[in-house]
Amino acid sequence: MDNRTLLYEGSEWDFNHLRRVHDAIEEIAIGEMGLDVYRNQIEVITSDQMLDAYASFGMPLMYSHWSFGKRYSREALLYRKGAQSLAYELVINSDPCVAYVIEENSMTMQTLVIAHACFGHNHFFKNNYLFRQWTHAERVLDDLAYAKRFIAECEERYGMQAVERTLDAAHSLMSQGVSRYAPQRSVRSKDLAIKAESRRSHEEATYNDLWRTLPKTKESPDKDDDVEQQLAAAALRLPEENLLRFLSLHAPKLKDWQREVLDIVRKTAQYFYPQQQTQLMNEGCATFVHYQLMNRLHETGQVNDAAMLEFLHMHTAVVTQPDFDDQRFKGLNPYALGFAMMKDIERICQTPEPEDEEWFPEIAGRGDFMGVLRDAWADFRDESFVLQFLSPHLIRKMRLFAVRDETDSPHLSVEAIHDESGYREIRHRLAQQYDLSKRDPEIEVTEADLKGNRRLVLTHRVRDGKTLSSSTCNRVLRHVANLWGYRVRLIEVDADTGTTLNDYDAVALP
């Protein structure tokens, strides 16, 4: 055990303390744990600013919208009545990584936040493949500043009501404003010109004027219509899953500033998409990292027993998992499950049992648990992480089991318990709960007439009988019609049989 000077004593903090704590944690996080992080930028904000950030998608730099004010009032009321506490921190996935701490925090709380956000979340943002694939960390802060400025300028130029109407419609479609497949590389103009020249040269070389003299066959009108529709669909790249992108590119009546507003909202939705797929892993990683770092600071004599007791009190609150019959139960706590799985990986690597060697032969007894965790943080998302690493030991410890609850049956049935087949079934079903493709409706633009009646057709492929709520569907469809400018139809079809289940229709307001 090292014996170093205490970094701080008591609960008061100043900026010199923050710097000393950051540097001490950085030495352990990078030197001993092998973490790889963006540069850190720590900003101190008030509790009101934290509430404001809560209300605006957790982004202190977000543009303004009336719904953020409404949410702020609700959060502020709950906080002041004592019904809800504030989050310890906020962090933006950017380079530099911006972490916000509250000025009312004690020094131990600030230390915990720096360990959690500046090194746990930061390492995950920089290394996980989904964030590397979808987020341009070096552009995030500029994009947020641009969006805030652009929306403010639009409000001045076109009126607040017009901007809010467009934002309302765009926000209602945020879940349908993400691209779920890997982004395509942008094609350079130079490559497009070379490709066009190559195609022209080929056509010139193979052109034969005799083809012009052949009599033309008379094709049926239906066949002509089919070919025309196929060409139109190909030109619009239908079917299209990203509804916001399709509207910003092709809606006939939208003005240029409205298309830009839709793009801003679409990019915001895409920014949060990796976080939706990795909430369990991201929070588990940050919680595991802060736990390791705080314990190491205590072992090396850099924080005293009083600070460690205060930290353990806060850490326990973070990873508390209420029982299913507790009034506080709201499903599995991602901090608790993520932290428990990562501690379990540490156990399997260091002190495996015979059962672990059978289930995890590649890592059981390997010793280097940080190496295993760094690989997992980089290469998995929640669904695949649970499928790969949830152990029978943890299933028993957390008392997990599978229950079937059918809407048309008055009884519940227990379908998987703690036996060989039950472990695999529980793991499989829990993983499915983190699969966004099972949770989000699969809606695509399937038809768009740009020359005739201008009607837009959306198709929702229904899986497992999960149809849309008719009231919500009608409300959102009106927003789509207002953006499109003409009639919009949404068809719900059974994904397995192709049977039409529901048919909705909406027209644009004049």
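Contacts between distant parts of the chain dominate here: among contacts in the protein with a separation of 6 or more, 71% join residues 24 or more positions apart. The model is a predicted one. The protein holds 21 helices and nine strands. Of its 510 residues, 44% are buried.

Start with helix α6, residues 140-158. This helix has 19 residues. From its first C-alpha to its last it reaches 26 Å, close to the 27 Å expected at 1.5 Å a residue. Which residues of α6 are buried? They are Val 140, Leu 144, Ala 147, Phe 150, Ile 151, Cys 154 and Glu 155. These residues cover an arc of only 135° around the axis, so they sit on the same side of α6. The face turned away from that buried side looks quite unlike it in one respect: it carries the exposed residues Asp 142, Glu 156 and Arg 157. What do the buried residues of α6 pack against? Their partners are β2 (89-92), α7 (160-172) and α11. After α6 comes Gly 159. The phi of Gly 159 is positive, near 95°.

One of those partners, helix α11, spans residues 256-277. Its 22 residues reach 32 Å from the first C-alpha to the last. That is close to the 32 Å expected at 1.5 Å a residue. In α11, 17 of the 22 residues are buried, so this helix is largely enclosed by the rest of the structure.

Now turn to a sheet. Strands of a sheet pair through backbone hydrogen bonds, either parallel or antiparallel. Here four strands form an open sheet, in the order β6-β7-β8-β9. The pairing is mixed. Why do β6 and β9 each have one side without a neighbour in the sheet? Both β6 (442-448) and β9 (500-506) stand at the edges, each with a single partner strand, so one side of each is left free of a neighbour. From one strand to the next, the twist averages 20°.

Look within the sheet at β7 and β8. Strand β7 covers residues 456-462, and strand β8 covers residues 488-494. The two run parallel, and seven bridges join them. His 460 stands opposite Glu 492 in β8. Strand β8 is mostly covered, with five of its seven residues buried. A helix also meets this sheet. Helix α21, residues 470-484, lies across β6, β7, β8 and β9. Relative to β9, α21 runs at about 45°.

Next comes a pair of arginines. Arg 404 lies in strand β4, residues 402-405. Arg 429 has its place in helix α19, residues 420-433. Are these residues buried or partly exposed? Arg 404 has 35% relative accessibility and counts as partly exposed. Arg 429 is partly exposed too, with a relative accessible area of 22%. The cut-off for buried is under 20%.

The two arginines touch. Leaving aside neighbours within four places in sequence, Arg 404 is in contact with His 411, Leu 412, Ser 413, Glu 415 and Arg 429. By the same kind of count, Arg 429 touches Ala 402, Val 403, Arg 404 and Glu 415. Glu 415 is thus in contact with Arg 404 and with Arg 429. Distances between C-alpha atoms add to the picture. Arg 404 and Val 414 are ten residues apart in sequence and 6.4 Å apart in space. Arg 429 and Ala 402 are 27 residues apart along the chain, with their C-alpha atoms separated by 7.6 Å.

Last, the cysteines. A disulfide is a covalent bond between the sulfur atoms of two cysteines. How many disulfides does the count give? The count comes to zero. Cys 118 shows the reasoning. Its closest cysteine sulfur is in Cys 97, 6.5 Å away, which is too far for a bond. The cut-off is within 2.5 Å. Cys 118 counts as buried, at 1% relative accessibility. Cys 285 is buried as well, with a relative accessible area of 0%.

Terms used: Residues numbered from 1 in each chain as written. Predicted model: local features only at pLDDT ≥ 70, side-chain atom pairs only at ≥ 80, totals over all residues. Heavy atoms only, no water. Pairing = 2+ DSSP bridges. Axes fitted to C-alpha atoms, helices over the stretch in contact; angles between N-to-C directions. Contact = heavy atoms within 4.5 Å. Buried < 20%, exposed > 50% of the residue type's maximum accessible area, 1.4 Å probe, protein only. Expected span 1.5 Å × (residues − 1). Arc of directions from axis to C-beta.
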